[in-house]
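Subject: Structure for your review

Dear colleague,

Please find below the structure that I would like to hand over to you. My findings follow it.

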Amino acid sequence: MTDQPSHLEKAIAEQLHSAHGLDLEAAARRAADMQHRLAPRFATWVRRELTILESRDRKRSRAQAPRPRAAAGGREFQRFSLNVRLQHAVMAVSVIFLILTGLPLKFSDLAISKGVINFFGGPDVSPIVHRVAASFLIFVGLWHLAYIALTREGRAHFMLLLPRPQDARDAWQQINYFLGRTDQRPRFDKFSYVEKFDYWAVYWGMVIMIGSGTVLWFTNQFLKVFPKWFTDIAKEAHSDEALLATLAIVIWHFYNVHFNPHKFPMNPTFITGRISEQEMIEEHPLEWERITSGAPLGPADSRPVEEKGGQR
Ligand code: HEM
């Protein structure tokens with residue numbers, strides 16, 4: 001008994017015949033050969049089209065329904081505790097102030113820089129605002145270290161954020177997915193390699209900015225102990241890392257949490273700490289499977305909101 005050609009095979013043969021002029025027999029032979037190679041890519045294209053359509057549908061229903069995340073039907077999970085959200089809020093506000101009062105010094109020739117410095121009280125007050133914001137950044141850095149050292153949740157989060165060989169494999173698979181070489185997306189646990197990179201970028205950024213900023217703040221005292229090149233290097237490091245950090249935030253971080261078409265205009269998790277079940281399944285399937293398997297929950301696992309009776 002001969003195998004019937006699949007729909008895909010028939011469609012390829014038809015295309016080869018009508019658009020490329022192959023006779024029917026040659027088109028059928030070539031289609032049988034091509035379908036195995038085209039099938040995985042075809043599946044990828046279909047998935048992409050579906051994702052675009054779903055995202056359009058979501059936008060449409062978001063416009064109609066006042067609370068789309070709850071209205072999506074599924075449960076919500078508490079992904080981040082109040083402690084984590086407060087740390088994030090203090091850091092975000094202080095970094096915004098640091099960028100607005102720092103970059104105008106780096107680009108002091110620009111007219112807009114003068115306007116921004118004047119907005120923050122002029123050349124005498126703006127450096128004070130920078131130092132006050134810097135103090136908040138140092139405070140939140142210490143708070144975070146204490147959170148890791150002293151709380152079970154903090155320690156568990158930290159362990160989950162450590163880079164592992166699986167992250168490199170996930171990144172490689174993601175690239176292959178984007179190139180259409182596979183239709184299998186990498187499956188993430190609580191933190192994807194992108195989120196881990198975001199987290200560790202802040203660590204090294206904090207070390208450089210607080211270290212070099214302290215040297216700039218107390219330059220006279222440092223010059224009594226160190227040669228001038230030491231404070232010069234601190235100024236260069238501070239100035240260059242400031243630009244790098246700003247670009248990383250605006251391009252990398254804002255894309256992931258604001259401008260990504262699936263998140264636009266913003267991912268509200270940083271305010272509510274919650275994530276919809278749909279997002280859990282799509283973005284953190286390994287964590288979702290663990291949580292819903294009935295196994296005991298770890299201190300860093302997201303919890304269904306009903307279980308906690310609201311926010312923590
Ligand atoms: C995200 C964090 C930060 C950003 C984006 C930032 C940005 C900047 C920039 C662009 C400059 C001007 C450098 C130049 O003239 O080329 C500057 C100066 C300065 N920064 Fe920062 N900074 C940050 C954190 C800090 C911290 C944590 C401290 C203190 C520990 C600090 C203390 C200073 C001081 C003392 C100056 C010298 C200018 C002045 O007197 O106001 N900065 N900052």
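What is the handedness of the crossing of H9 and H11? The crossing of these two helices is left-handed, a term used if the near helix is turned anticlockwise from the far one by less than a right angle, with clockwise being right-handed.

Please note that this is a predicted model, in which local features need pLDDT of at least 70, side-chain atom pairs count only at pLDDT 80 or more, and totals for chains, interfaces and linings use all residues. Residues are numbered from 1 along each chain as its sequence is written. Helices (H or I, at least four residues) and strands (E, at least two) are DSSP runs, numbered from the N terminus.

Helix pairs

H9 and H11 pack at an angle of about 155 degrees, with their axes 9 Å apart; axes are lines fitted to C-alpha atoms, for helices over the stretch in contact, and angles run from 0 to 180 degrees between N-to-C directions. H9 and H11 are therefore roughly antiparallel to each other, the term for angles over 145 degrees. Among the residues making the contact (C-beta atoms, placed from the backbone, within 7 Å) are Asp-198 and Gly-205 of H9 and Lys-235 and Glu-241 of H11. By class, this contact has 10 nonpolar, seven polar and three charged residues. Here Ala, Val, Leu, Ile, Met, Phe, Trp, Tyr, Cys and Pro count as nonpolar, Asp, Glu, Lys and Arg as charged, and the others, Gly among them, as polar.

Helix H4 (residues 82–106) and helix H6 (residues 122–150) also pack at about 155 degrees, their axes being 8 Å apart. H4 passes H6 in a left-handed crossing. The residues in contact include Phe-97 and Leu-98 of H4 and Trp-143 and Tyr-147 of H6. No charged residues take part in the contact of H4 with H6, which has 13 nonpolar and eight polar ones.

Ligand shell

The ligand is surrounded by 22 residues, each with its C-beta atom, placed from the backbone, within 6 Å of the ligand. The closest are Gly-102, Pro-127, Ala-134, Gly-213 and Ser-239. H4, H6, H9 and H11 each supply at least two residues of this shell, and H4 gives the most, with seven. The shell has 14 nonpolar, seven polar and one charged residues.

Sheet

An open sheet of three strands has the order S2-S1-S3, with antiparallel pairing; strands pair if DSSP finds at least two bridges between them. Three bridges join S1 to S2, and Phe-77 stands opposite Ile-275 in S2.

Yours sincerely

Terms used:
Contact = placed C-beta atoms within 7 Å. Parallel < 35°, antiparallel > 145°, perpendicular 65-115°, else oblique.
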